[in-house]
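Visitor: I have a model open in front of me and I would like to learn how to read it. Could you take me through some features, one at a time?

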Number of protein chains: 2
Amino acid sequence: MLHLRSSQFSRVMVKLGPVFSVRHLLVLSLAINVSLMLTVIRERVKVEEILNMFSTKLQLATVSPSTGDGETTDNGEAIINLDHGDPTMYEKYWQRMGDKTTVVISGWQFTSYFSDPKNLCWFLEPELAEEVVRLHRVVGNAITKDYHIVVGTGSSQLFQAALYALSSDASEPMSVVSAAPYYSSYPVITDCLKSGLYKWEGDAQAFDKSGPYIELVTSPNNPDGFVRQSVVNRSGGILVHDLAYYWPQYTPITTPADHDLMLFTVSKTTGHAGMRIGWALVKDEIIARKIVKYIELSTIGVSKDSQLRAAKVLRAVSDSCGVAHPFKEETFFGFSHHSMESRWMLLREAVNRSGIFSLPEFTPGFCNFWNRVFEPLPAFAWLKCGDGIEDCESFLRGHKIWTRSGRYFGVSPSYVRISMLDRDRTFNLFVKRLSRIRSQRRMRLEHVD
Amino acid sequence: MLHLRSSQFSRVMVKLGPVFSVRHLLVLSLAINVSLMLTVIRERVKVEEILNMFSTKLQLATVSPSTGDGETTDNGEAIINLDHGDPTMYEKYWQRMGDKTTVVISGWQFTSYFSDPKNLCWFLEPELAEEVVRLHRVVGNAITKDYHIVVGTGSSQLFQAALYALSSDASEPMSVVSAAPYYSSYPVITDCLKSGLYKWEGDAQAFDKSGPYIELVTSPNNPDGFVRQSVVNRSGGILVHDLAYYWPQYTPITTPADHDLMLFTVSKTTGHAGMRIGWALVKDEIIARKIVKYIELSTIGVSKDSQLRAAKVLRAVSDSCGVAHPFKEETFFGFSHHSMESRWMLLREAVNRSGIFSLPEFTPGFCNFWNRVFEPLPAFAWLKCGDGIEDCESFLRGHKIWTRSGRYFGVSPSYVRISMLDRDRTFNLFVKRLSRIRSQRRMRLEHVD
């Protein structure tokens, strides 16, 4: 159209001559120029708007969690609840990661009960199984070769499934024991239905009954953070290893664990407690089948949506270890290990200043993951009250700090368990308030000084 | 710029005169027009591309499920598995709905154990609670006012939680009964841990023990589809109403249910079995608190991801009822009711042709939701083998049709339960294969004809 030769152009002009002059046509053409330029601008604005809209959609602009790091003035009135081990500390890391672990699930996806009908664990999403294997290989904290993976609605369900699997053929209730201080939920969960298959028998160190028994070995231990091994040490015992905290932000990874039955949970690995996803690594096929059977009876499998999300999160953790030096803050374990280190430093300072409290002392160990020696940094602080205070939980409640008494863990109420995994703001408030609690003796000494 | 008056235009022309003629300028302007038009086209293509890209992202282009409706030639070799009640029939509807129920969850969202700390059910997402109330109001199948809502990992977990809640103060195991044929999982779940709190006592119609008891009333009933009421009918009984199938695709909604303890599940309501979400409506606060306690012990709450997805799906169901006449196929209940109607018609035809089998006959009832009378269209077919066949399950296995024997439901093995909720392809194959099975007598008669 543009390649009108001069003569053609003249002919067109002559034809239009009576109505339009060349000048008129030029004005018209200029007008079209302007109109088209405005259209281009509008289209570009539209592109920007669409991009913004989708970006908002992908970020799901709901209420942002309060993760303020800022210093908070403490009037001593706010309740600081560190009773539960809610791992909200990790929220900050995942916020920084933006959309890297965003999941998108359509309405018609994952509607069936079945994930992988041919797998022993028919409700396990293959994607999650793959990421569990990969993460254990990257971290080096457990062997997965020749193990069956069974997914559970958190590791609590897997613990119950394990009790069922190990005792279902027993002629009388099997004894369930764990060395005190033991995880406070063990006795309650074990005995809540007054099962004829198993029965809570308390502290493994005091256990002297004959017959088969199940010993729960939590390592590192909840509540006190120490690395553990079985203590009963006689034949007829079956061990369940709860390795929820055997990750390099909490404890040196000394060896890939290879016990018969090991339990892990996403909530303590990556901080996603709301997903309710755990997994068991099981050596024996018959036991694995019984664990699967229990989960089938109890909840007919495990949420597919959370399994997919867990797979994505575990993949991001493994990926982050691959792209940067693991100690860098942009890696998941770098961020969480640094957070735990600075929190433990602050807590020990506050405790030293108080003159009332004491904390466990740990032997440093060489960690194969970090390739260096470090001292355990447990997910819970196991605090002891001195100064003649018998009930540490009540004492701290008086200061509006909520913790869990040692008596729930099978030991003296002079101990309490305190979560180290809350948001920065809560943790900083806690340390600040704790550091203001002084023993009478210390205050007198300070006064004399 | 365009409003150059004639004199101004002339002045511009005079200035440009030595270099450009008006004709030159017109050609230049036309060239600019063409270039701008091309730019506009390019920008529009870009908009389309972006929209496509995001649409693909939102649809999560994983493998599409096989929901082919096409006719399948049956060589009699493929196994047709209708043992489980996997509700994959609904997948087709949700595919049609496209991105309407797509959920997008960022990595940092919903990490905490807690959903609503001040609620009695602290792990219940407020969004889900809201949609449960709304859907019951839209459908009119249950009262929610003055009820406590407790979410569970499917209704199986809520059933166990209810047993715990109703028996936790009992001095000896409470009897658990249900009229035969009863849901095959009830006895297995009740007795699997040999609980000292409760004990399966079988068919409610034959129950004559004294003392407190729990009666399970499934209405419409699984496996046979009949509307039910309690049968024991003496003091000391506590009723648990399993209303998983009290929805207008299956049965006439005659009245809003208002029993003390009612159980529902997403899997049978919308077909999302993979979510593992159910809910209980509980009148008594103390019972509700105990149900919450059990879920806390058993799985420390319920997957947040699935709760959010369930909320979105329930919302879409309620919305679809609002925008179109409920009987239209674009409404969720329109689609599913039509599907059930045509499936039951096909099944009854095949059964009539066989001369071996029989099906329950239902009394039609007036449905307040559809505002018309219809005959129940249960989620399971409760098929009886005649012709001297004692073991119906084995007989059908011989034809590579997998079903569940009546003996699991507390009745004769001449019955089987068959899922009516599989994908079109499987259902059509089943009906076709069933219609080819003829009784010897019928075949002789046909031969004589």
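Guide: Let's begin with helix α5 (residues 154-167) of chain B, keeping in mind that this is a predicted model. A helix length can be checked by counting: at 1.5 Å a residue, the 14 residues of α5(B) should span 20 Å.

Visitor: How far apart are the end C-alpha atoms of α5(B)?

Guide: They are 21 Å apart, which agrees with the expected span. Now look at how covered the helix is: 14 of the 14 residues of α5(B) are buried.

Visitor: Can I try the length check on another helix? What span should I expect for the 12 residues of helix α12 (residues 424-435) of chain A?

Guide: At 1.5 Å a residue, α12(A) should span 16 Å, and its end C-alpha atoms are 16 Å apart, so the two values agree. The buried residues in α12(A) include F427(A), L429(A), F430(A), V431(A) and L434(A).

Visitor: Now for pairs of helices. How are α4(A) and α9(A) oriented to each other?

Guide: The idea is to compare the directions of the two axes. Helix α4 (residues 126-139) and helix α9 (residues 304-323) of chain A pack at an angle of about 30°, with their axes 9 Å apart. Angles under 35 degrees count as roughly parallel, and therefore α4(A) and α9(A) are described as roughly parallel to each other. The crossing of α4(A) past α9(A) is left-handed. On the α4(A) side, the contact is made by residues including L128(A), V132(A) and L135(A), and on the α9(A) side by residues including L308(A), A311(A) and L314(A).

Visitor: And at what angle do the axes of α10(B) and α12(B) cross?

Guide: The axes of helix α10 (residues 332-354) and helix α12 (residues 424-435) of chain B cross at roughly 20° and come within 8 Å. The pair is therefore roughly parallel, and its crossing is left-handed. Among the residues making the contact are L346(B), L347(B) and A350(B) of α10(B), together with F427(B), F430(B) and V431(B) of α12(B).

Visitor: Let's turn to the backbone. What should I look for there?

Guide: Start from the usual pattern: most residues other than glycine have a negative phi, and most peptide bonds are trans. Then look for exceptions.

Visitor: Which peptide bond is cis, with omega near -5°?

Guide: That is the bond from S219(A) to P220(A). P220(A) is in the loop between β6 (213-218) and β7 (237-242) of chain A. The loop between β6 and β7 of chain A also holds P223(A), and the peptide bond from N222(A) to P223(A) is cis too, with omega near 25°.

Visitor: What is phi of R276(A), and is R276(A) buried or exposed?

Guide: Phi of R276(A) is near 60°, a positive value in a residue other than glycine. R276(A) sits in the loop between α7 (266-269) and β9 (278-282) of chain A. With a relative accessible area of 4%, R276(A) is buried. For another case, turn to F110(B), with a positive phi of about 55° although it is not a glycine. F110(B) is in the loop between β2 (103-105) and α4 (126-139) of chain B, and its relative accessible area of 22% makes it partly exposed.

Visitor: How do I read a side-chain contact?

Guide: Note where the residue sits, how accessible it is and which atoms it reaches. T331(B) lies in the loop between α9 (304-323) and α10 of chain B. T331(B) is buried, with a relative accessible area of 1%, and its side chain reaches the backbone nitrogen of G334(B) at 2.8 Å.

Visitor: Which side chain makes a polar contact with the side chain of S394(B)?

Guide: The partner is D391(B), at 2.7 Å. S394(B) lies in helix α11 (residues 392-397) of chain B and counts as partly exposed at 41% relative accessibility. The C-alpha atoms of S394(B) and S405(B) are separated by 8.4 Å, while the residues are 11 apart along the chain.

Visitor: To finish, how many helices and strands does chain A have?

Guide: Chain A has 13 helices and 16 strands. Of its 449 residues, 56% count as buried.

Definitions and conventions
Residues are numbered from 1 along each chain as its sequence is written. Chains are lettered from A and ligands numbered from 1 in the order in which they are written. This is a predicted model: local features need pLDDT of at least 70, side-chain atom pairs count only at pLDDT 80 or more; totals for chains, interfaces and linings use all residues. Side-chain values use heavy atoms; hydrogens and water are left out. Helices (H or I, at least four residues) and strands (E, at least two) are DSSP runs, numbered from the N terminus. Buried means under 20% relative accessible area, exposed over 50%, partly exposed in between (1.4 Å probe, protein chains only). A polar contact is a pair of N or O atoms within 3.5 Å; within protein, one must be able to donate a hydrogen and the other to accept it, and residues adjacent in sequence count only if both atoms are side-chain atoms. The expected span of a helix is 1.5 Å times one less than its number of residues. Axes are lines fitted to C-alpha atoms, for helices over the stretch in contact, and angles run from 0 to 180 degrees between N-to-C directions. Angles under 35 degrees count as roughly parallel, over 145 as roughly antiparallel, 65 to 115 as roughly perpendicular and the rest as oblique. A crossing is left-handed if the near helix is turned anticlockwise from the far one by less than a right angle, and right-handed if clockwise. Contact means heavy atoms within 4.5 Å.
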